[in-house]
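I opened this structure for the first time today and kept notes on what I looked up. The entries follow the order in which I went through it.

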Amino acid sequence: MSQMATRQWMTTHEWMVKPMHQREWIERRGIMIWIAETFTSLGAGLYLVSLFINSWWGLLIGWLIIMFLKLPIHIAYFGKPWRFYRTMPPFSNAWKTSWFARGILFSVFFGTFGFIQLVFGQPDFVNLIGNSIANPIYYTFGVLAGFSAMGVGIYGGFIMNYVKGIPFWNQGLLPVVIMLAGVADGFGLIMGVGLAGGDASVAWAEAGSRYLLLINILLIVTYLISAGYTSAVAKLSIQELLKGPSAFMFWVGLIFLGLVVPAVISAVSLFSGGEASSVLLIIAIAAHTLGAFALKYCILKVGIYRPLFPRVAAY
Amino acid sequence: MRWGMVINLVKCTRCHACVAACRIEHFLPLGMNWPRLIAWETDVPGQELTTVPVRCNQCKEAPCVEVCPAEATKKREDGIVYVDNDICVGCRYCVVVCPYQNRTFFSRDKDPGYFPGYQRTRFEKAGRKLFPHVAGTTEKCDFCMERIDAGMAKGLVPGKDREATPACVNTCQARALTFGDLDDPESEISVLIKEKNGFQLHPEYGTEPSVYYIDGKIGNAPSNIAPREAQTAAHMQHLSTMEERARQIFGKK
């Protein structure tokens, strides 16, 4: 009776009393962060894979994804987008402590070095100035752009990993998961480049994708198991993924489309002794890409804060 | 010098005066919360509902300062963490990274006015001029640093002189909030923390909050929550003290 009376005049606040979801980076305008982060993985992954197999078209598409999809969406999310320059030296030295600032610097370096590499790798331009001049510049800036692309691909993981209040993110493995998932998506996209007649071998991309998919499956399982042991709130995040509101995105988007479908298609090509058909490859590329969106969605959506008073609700 | 606050959980009477005082002091828009009084239900008989005042902890090792890409969130020498709204880019990383969730991103949609659909009141218009809130940036409690600075410039002592003390501390009718210098072992708050085993929220994060809680632990164990009788007694004692003071001042019975 007394409880009823209490509730009539005051409802218990949910704010930080019970485990609370982070909303800034996934709801309303926060959806832009989800999309931008996905393009980060896709672009950086494609650039790194293209660098490895020396595919100029792959490099170009990866560079375009970062510069014209990831960066504008990310900046548009800012409350004050025109103050974007304030995040970079000489206006700010935050790169010393902030992964966000480092990520922006990586993106700027990547944009610059990648552009120079692309120019000095463009066949018509190389013919014009000669191999002896173009090649050293192309490879030098290729190394620089490669390191920058790695930075771009991994910084999102470090940003989330730094948030101590969200135990599911506060795992050392998160940057690795995000980085390798990006590279796997890069393998998926490079198949598209090869399929469209670009300078990439589809068979090679399929082989690479096969191994990386296996590694990613193991990595995600390891991540979920290890996170589950760290705290009750992280366990809650995992429960939401496995059988809660985010289960559809996890099972259908990430596991089925992002991992199982591409893995089955690459296995079919392995056992049939050649490349999979074009239709199957297109399905694999689409599934890879949708899986990339699902992975970022799942990670951002199940970011749950520990309550302010752990002992109240046994968290 | 490092400014800090001690919150006495027994004395707090859940009156929300600190929240209101801050709203008036800084002309906070409706969707903005600097201090909060949060409540939850417990299973302790007679204590179905309990509340705790929270505000920015002005952490010594503030994660919001470290992650801000524009260096818009800064920490002063006296330990106060504040946001320079002329620099903030509105990336909201600080909002996400704060483990205590004591920051609010101020967007236009959080500012419908106190009477949505109607013209702003004269009070609101005056407030906008006196304390402009910049939409698209992040805001938080800053221990009323403008009051502290102005007061100290006059030679006043924050925590002792009202003019140099945060508005929420001034307005607390139960004297549940105490403000002072954490670095001074002789200060009132240092003594309170030492004598009453003051504790911080989530010390395991390593953020070293400057806001401490005393008299009553927060949790489910029966002995951890101050009994309602104790709160009432503290409140009544305070009221009788105030009554006595009023008698002395006005000379009335």
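Entry 1, confidence. I began with pLDDT, which is the predictor's confidence in each residue, from 0 to 100. I needed it because what I have here is a predicted model. For residues 1-11 of chain A, I noted that pLDDT stays under 50, and that the model has six contacts beyond four places in sequence for this stretch. Chain A as a whole averages a pLDDT of 88, and I found that 93% of its residues score at least 70.

Entry 2, helix H2 of chain A against H11. How do these two helices of chain A, H2 and H11, pack? I found H2(A), residues 31-53, and H11(A), residues 278-301, with axes 9 Å apart and an angle of about 130° between them. That angle makes H2(A) oblique to H11(A), and the crossing is right-handed. On the H2(A) side, I listed A:Trp34, A:Glu37, A:Thr38, A:Ser41 and A:Leu42 as making the contact, while H11(A) brings A:Thr289, A:Ala292, A:Phe293, A:Lys296, A:Tyr297 and A:Leu300. Sorted by class, this contact has six nonpolar, three polar and two charged residues.

Entry 3, helix H2 of chain A against H6. I then turned to H6(A), residues 131-161, which packs with H2(A) at an angle of about 150°, the axes being 9 Å apart. Angles over 145 degrees count as roughly antiparallel, and H2(A) and H6(A) are therefore roughly antiparallel to each other. H2(A) passes H6(A) in a left-handed crossing. Among the residues that make this contact, I noted A:Glu37, A:Ser41, A:Ala44 and A:Gly45 of H2(A), and A:Gly142, A:Gly146, A:Gly153 and A:Gly156 of H6(A). By class, I have seven nonpolar, seven polar and one charged residues for it.

Entry 4, A:Arg86. Where in chain A does A:Arg86 lie? I located A:Arg86 in the loop between helix H3 (56-77) and helix H4 (99-121) of chain A. With 18 other C-beta atoms within 10 Å, A:Arg86 is partly exposed. Leaving aside neighbours within four places in sequence, I found A:Arg86 in contact with A:Phe91 and A:Ser92 of chain A, and with B:Ala70, B:Ile87 and B:Val89 of chain B. I also looked at A:Ser231, 145 residues from A:Arg86 along the chain, and the C-alpha atoms of the two are separated by 37 Å.

Entry 5, chain B. For chain B, I recorded eight helices and nine strands. Of the 253 residues in chain B, 42% are buried. Among contacts in chain B with a separation of 6 or more, 60% join residues 24 or more positions apart.

How values were computed. Residues are numbered from 1 along each chain as its sequence is written. Chains are lettered from A and ligands numbered from 1 in the order in which they are written. This is a predicted model: local features need pLDDT of at least 70, side-chain atom pairs count only at pLDDT 80 or more; totals for chains, interfaces and linings use all residues. Two residues are in contact if their C-beta atoms, placed from the backbone, lie within 7 Å. Axes are lines fitted to C-alpha atoms, for helices over the stretch in contact, and angles run from 0 to 180 degrees between N-to-C directions. Angles under 35 degrees count as roughly parallel, over 145 as roughly antiparallel, 65 to 115 as roughly perpendicular and the rest as oblique. A crossing is left-handed if the near helix is turned anticlockwise from the far one by less than a right angle, and right-handed if clockwise. Ala, Val, Leu, Ile, Met, Phe, Trp, Tyr, Cys and Pro count as nonpolar, Asp, Glu, Lys and Arg as charged, and the others, Gly among them, as polar. A residue is buried if 20 or more other C-beta atoms lie within 10 Å of its own, exposed if 12 or fewer, and partly exposed in between; C-beta atoms are placed from the backbone.
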